[in-house]
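Q: Before we begin, could you show me the sequence and the structure, so that I can learn how to read a few features from them?

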Amino acid sequence: MTNVEKTENIVPETSNNIVIDEKFEVKHLDKTSDGIEVIDVSGDKLIELATYLKMHINTQFNMLLSVSGVDKSDCYEVVYHLFSTIFKKNLILKVRLNRESPSVESLCGLYSAANWHERETYDLLGINFNNHLSLERILLPKDWVGHPLRKDYVNNDKRLSWNER
Amino acid sequence: MQIILTAVDFIYNWGRSNSLWPLTFATSCCGIEMISASAATFDISRFGSEVFRATPRQADLMITAGTVTHRMAPALIRLYEQMPEPKYVIAMGACAVTGGMFENDSYSVVRGVDRLVPVDVYLPGCPPRPEALLDAIIKLQKQMKTETILDRKKYLDAHKPRVTLSEDENCEVLLPNEEFEVIHWGVQKTGYSKDEIATSALSASSQ
Amino acid sequence: MPVKNYNKSELNKEMIINVGPQHPSTHGVLRLVMTLNGEVIKDTKPVIGYLHRGMEKLAESRNYFQYLPMVDRVDYLSSFFCSAAFCYAVESIAELKVPKRAEYIRLITMEFNRIASHLMWVASFLLDLGATTPMFYAFREREDIVKLFEDLTGQRMMYNFYTFGGVKKDLPEGWMTKALDLCKSMPKMFDEYEAIITKNPIFMERTKGVGVLSQEMAVDYAITGANIRASAIDFDLRKTNPYSVYNEIDFKTHLAQNGDSYDRYRVRIAEMRESVKIIEQALKQIPGGTPEKLKVKSVNCGCKNEDCEFCGFDAQLVGKKLNAAVFKPPAGEAVSMIEAPRGVITCYVLSDGTNKPVRVKWRTPSFSSVQVLPELIKGKNYSDLMPIFGSLDVVLPEVDR
């Protein structure tokens, strides 16, 4: 299933290159400015790809450092930062979502660290994570309306009356 | 009447002002300077604050050191109401005085603690040095020494919280206190209607 | 009055108590809703967000330079590290080179900040356990370090000293001598309070075997820093992915075997001693030497050669002077990882060519530590809460941002 080749490499070290199979439907984007690989994957193949990257003997990305959401003008993007404590390498996965109803599968089953990071992304950006254990607001009060990190957020909470002069 | 009570006032105020016990209300960065003020280099127990009480029932000074957010505000009000009279508040740090560097466009910071509780001494700085905190305590002690027992009613009226906790336990919103008119510059007006909030210029521009 | 026959179900009633947002330990405003069965903790639900100031949203309406002072307040005890994380990310995007003298100054200030942060941790950890004396000892050292920072930057706590491409000012005259003297006297001070803590029977009984963090749980919950090094996983970013001039300094990583609270304490004390050695080496190796010598030699030399030790690129403080109003890095993104005292701080910056960032995301280590807390204290006594929570070194503004 996997070929160990030197041409298409995920982790740019000669000892641990793998090729991601066509069935994952990934797209390699430009590297970040400090040389970290970026992979764009579609939402329904995310869990398979993440499991593959975690379990494969040559990559072993066993630590999920953070999950962040980005509000670009035409879509939402969820960015996953993976790290391998064995090979000390970084990897970034990006998933694009549409603006009307952004939703993606949750990685809670793979990494326990994803639990609170996804709650925070839901809280601040409104991205739904399917099959999450308990998706509720974590940083803002429970009765807050709206998602502040969106670019079109207008702050009209009733607590604003305290800030009036 | 006041002439008879001057000696009593003097001893009463002297006893109270020289043993102010603060409540540990350290939210943020200014809390570290408050702890430095209580450590060995800048000793706060020289001024009477021998211990920092953890429970508001035994404290008579609340030093709000740090940023107060919308979520923390009901807890602050409840702590203030639990303190027994006579009680005083020092607003320490820029975030507690006016909202500090988050005053411009943060969506979840209360712009100054005096929207919630009445403040006696404002202490600016980001963070203020421990010596500045000691200066604030000295000023508060000087103010306490000018009080008199006969004005207790006026004092109690002026030291109520500016907002009240709502009856609904699940809702964390505070409501304006109807008994307050504008007392001094900085206290919110009472009774905002929803239309006023929606059409005010602030909500449209705070993006 | 005869004793009523209680059946077992009545005795095993659960109690929900609230360790409220304001509590005497100095971690900040965190609320724990705990379900207790007698003294045994059944479940904990941490409630955070009491200090959420919206740091990430504020970055989107400010310049890069205007956001620099706010970056220090993400974690006020290790503000040089947060500043470094943001600066390295933006320098990657804008392809700015940092001169070596600036890198050494950054390293020296970061290591001093690490010692100051660990001292604050020792003070608050032992204050939680009930011992008030180590707080005064630790704050005595912290005042010495903070005085050095005040000479250098003018501020005691949130320094605003790093800029894109270097640092803002050179070391003042006589600073390096004072720093070296402080480094010589610090190990003796560490010995003083280690003598009253490390072999203390009460301390050992309360923290040995308590809060064992297994290796699988640590990697699964993305715990980093001294917490994971106490569980025998060798993960120190200064060795594995070195960022500043750490690859020119010789130092060791300290590991411990068991992963309980006592080991986390031992690892942090050992890290403090190691930081002192790092600072001594860096002060000897800094290019250009003391600022007085640098000034004299660069005036006498005057060769304007790039490789010259005194007037070349490596002896400057800022790589390229930038105009703060029109600084526009090209479109791109970068992630910078820094080994802070509590763990790994990650700063993800996304820019689209304008002078304001599109997205700044902070991944802070205390967020993961609070997330793992309910797993660690399940089934333990209530009196084990503070040794476990205190040893994880949590600072709340990092959690809430």
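Q: In what sense do E1(B) and strand E2 of chain B pair, and over how many bridges?

A: Strands here are DSSP runs (E, at least two residues, with helices being H or I runs of at least four, all numbered from the N terminus), and two strands pair if DSSP finds at least two bridges between them. E1(B) and strand E2 (residues 61-65) pair in the parallel sense, over five bridges, and the bridge partner of Thr24(B) in E2(B) is Ile63(B). This is a predicted model, in which local features need pLDDT of at least 70 and side-chain atom pairs count only at pLDDT 80 or more, while totals for chains, interfaces and linings use all residues. Residues are numbered from 1 along each chain as its sequence is written, and chains are lettered from A and ligands numbered from 1 in the order in which they are written.

Q: What order do the strands of the open sheet have, and which of them stand at the edges?

A: The open sheet of four strands in chain B has the order E1-E2-E3-E4, with parallel pairing. Strand E1 (22-26) and strand E4 (121-123) of chain B stand at the edges, and because each has a single partner strand, one side of each is left without a neighbour in the sheet.

Q: How is Asn381(C) classed by burial, and why?

A: A residue is buried if 20 or more other C-beta atoms, placed from the backbone, lie within 10 Å of its own, exposed if 12 or fewer, and partly exposed in between. Asn381(C) counts as partly exposed because it has 13 C-beta neighbours inside 10 Å; its place is in the loop between helix H14 (365-376) and helix H15 (385-391) of chain C.
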